[in-house]
Amino acid sequence: MHYTQRFYRDEADYAAMRRLIADSYQLEGPHAYMLLGDLDWWHALLPEPEQFMAGVPLWFAGAALIGFLWPGESSIDNMLHPQHRTAEAAMLAWAEEHLRKPAAEAAPAQLRQWSRETDVQREELLRAQGFVRHSDFLANNVLALDAPTPEPQLPPGYTIRPITGAADDVEARVAVHRAAFHPSKMTVAKQRAAMASPTYRSDLDLVVVAPDGQLAAFCIVWWEEENKVALFEPVGCHPDYQRRGLGRAVICAGLRRLRELGAMRAHVLSWGEEGASALLYRSIGFRLIDRFYAWDKQYPAQSGDGA
């Protein structure tokens, strides 16, 4: 099949990217590279959205979008329709030519690509092209919502509610995020961008309120009505309020809301499977179904690579 490539142009392309993710999930189920919440959250966090999106390469079969690369700093996330895997080698070759980090005086040029452990085809391609897999991984944790969800358990005086959207509430929401993920680049503008995303629902942007009125923990649940699936991203707790079960409580509250919406499953990512967050998710009932590994390739310095 003949594929063509061009760069992102407008909101119609964003809608096509969302359609590609939703269609791919229908075919790959929980073993998916992206959910709609991933795309909307990544987009919301961009400091210069228009400039960044203009550099996102898209691949088409005729008029249909079949793949795109989300560029990071010398890294790529590759979203490709499962029925168009023949385009993958060309997409990787394009990334190697255009998206690798130039060589510096003390470091060679390099590129990082992500692949899930169960994607044997991609891993074989990366290995054949000289990429080397890291041992660290992002865990794809999934919870089937066909059983009752635990009731949120909070210490006396704590409550859970959605954020209101009022200016002071959004500022407090950003403050607790920055505390939980310090150092953080989260801003009110980025939070507002997330709230304007197509997948965002204000009733699923949950916060735990401490007895003194301070926000202590939070999560956003990105709900996909069509596929009856959701993503928890991000989940966090202010360091002053840790070890009180607040993270568990806000996740359980989100899960109960998802059950009311008719959700089939929920996803949440963690670094590895033995860290604090991974153990928390496991205690709630999430199970690891796949691992996302980083694969790196280094290139000898050449003229034009910054050498």
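This passage walks through the overall build of the chain, its nonpolar cores, its unusual backbone spots and a few individual residues.

The structure is a predicted model, in which local features need pLDDT of at least 70 and side-chain atom pairs count only at pLDDT 80 or more, while totals for chains, interfaces and linings use all residues. Residues are numbered from 1 along each chain as its sequence is written, and side-chain values use heavy atoms, with hydrogens and water left out.

It helps to begin with the whole chain. The chain contains 9 helices and 12 strands; helices (H or I, at least four residues) and strands (E, at least two) are DSSP runs, numbered from the N terminus. Its radius of gyration is 20 Å, close to the 19 Å that the globule rule gives for 307 residues, so the chain is as compact as a globular protein of that length. Here the radius is taken over C-alpha atoms, and the rule is 2.2 Å times the number of residues to the power 0.38. Taken along the principal axes, the box filled by the C-alpha atoms is roughly 65 × 45 × 40 Å.

Of the 307 residues, 50% are buried. Buried means under 20% relative accessible area, exposed means over 50%, and partly exposed lies in between (1.4 Å probe, protein chains only). The area exposed by the chain is about 14,500 Å², and carbon and sulfur atoms supply 51% of it; accessible areas come from the Shrake-Rupley method with a 1.4 Å probe, and for residues only the protein chains shown count as cover. Among contacts with a separation of 6 or more, 71% are between residues 24 or more positions apart, where contact means heavy atoms within 4.5 Å. The chain carries 31 positive and 39 negative charges, whose mean positions are 3 Å apart. Lys and Arg count as positive and Asp and Glu as negative, whereas His and the chain ends are not counted; the place of a charge is taken as NZ of Lys, CZ of Arg, CG of Asp or CD of Glu.

The interior comes next. In soluble globular proteins, nonpolar side chains tend to be buried together. A nonpolar core is a set of buried Ala, Val, Leu, Ile, Met, Phe, Trp, Tyr and Cys residues joined through side-chain atoms within 4.5 Å. The largest such core has 30 residues, and those with the most contacts inside it are Phe232, Leu246, Ile251, Leu255, Leu258 and Phe286. At least two residues each come from β8 (205-209), β9, β10, α8 (246-261), β11 (265-271) and α9 (276-284). Helix α8 gives the most to this core, with 7 residues. Another core, of 23 residues, lies apart from it and includes Ala87, Ala103, Trp295 and Tyr299. Back in the largest core, Phe286 touches residues beyond four places away in sequence, including Asn141, Phe232, Ile251, Leu255, Val268 and Tyr281.

The backbone has some surprises too. Most residues other than glycine have a negative phi, and most peptide bonds are trans. A cis peptide bond nevertheless joins His182 and Pro183, with omega about -5°, and Pro183 sits in the loop between α6 (167-180) and α7 (188-195). The bond from Glu233 to Pro234 is also cis, with omega near 0°; Pro234 belongs to strand β10 (residues 229-237). Two residues that are not glycine have a positive phi: Ser74, at about 60°, and Lys228, at about 55°. Ser74 is in the loop between β3 (64-72) and β4 (75-80) and is buried, with a relative accessible area of 14%. Lys228 is in the loop between β9 (215-224) and β10 and counts as partly exposed at 24% relative accessibility.

Three further residues round out the picture. His84, in the loop between β4 and α4 (88-98), counts as buried at 13% relative accessibility. Beyond its neighbours within four places in sequence, His84 is in contact with Met1, Tyr3, Ala61 and Ile66. Glu28 lies in helix α1 (residues 11-28) and is buried, with a relative accessible area of 18%. With neighbours within four places set aside, Glu28 is in contact with Pro82 and Arg116. Asp296 is part of strand β12 (residues 287-299), and its C-alpha atom is 13 Å from that of Arg122, 174 residues away in sequence.
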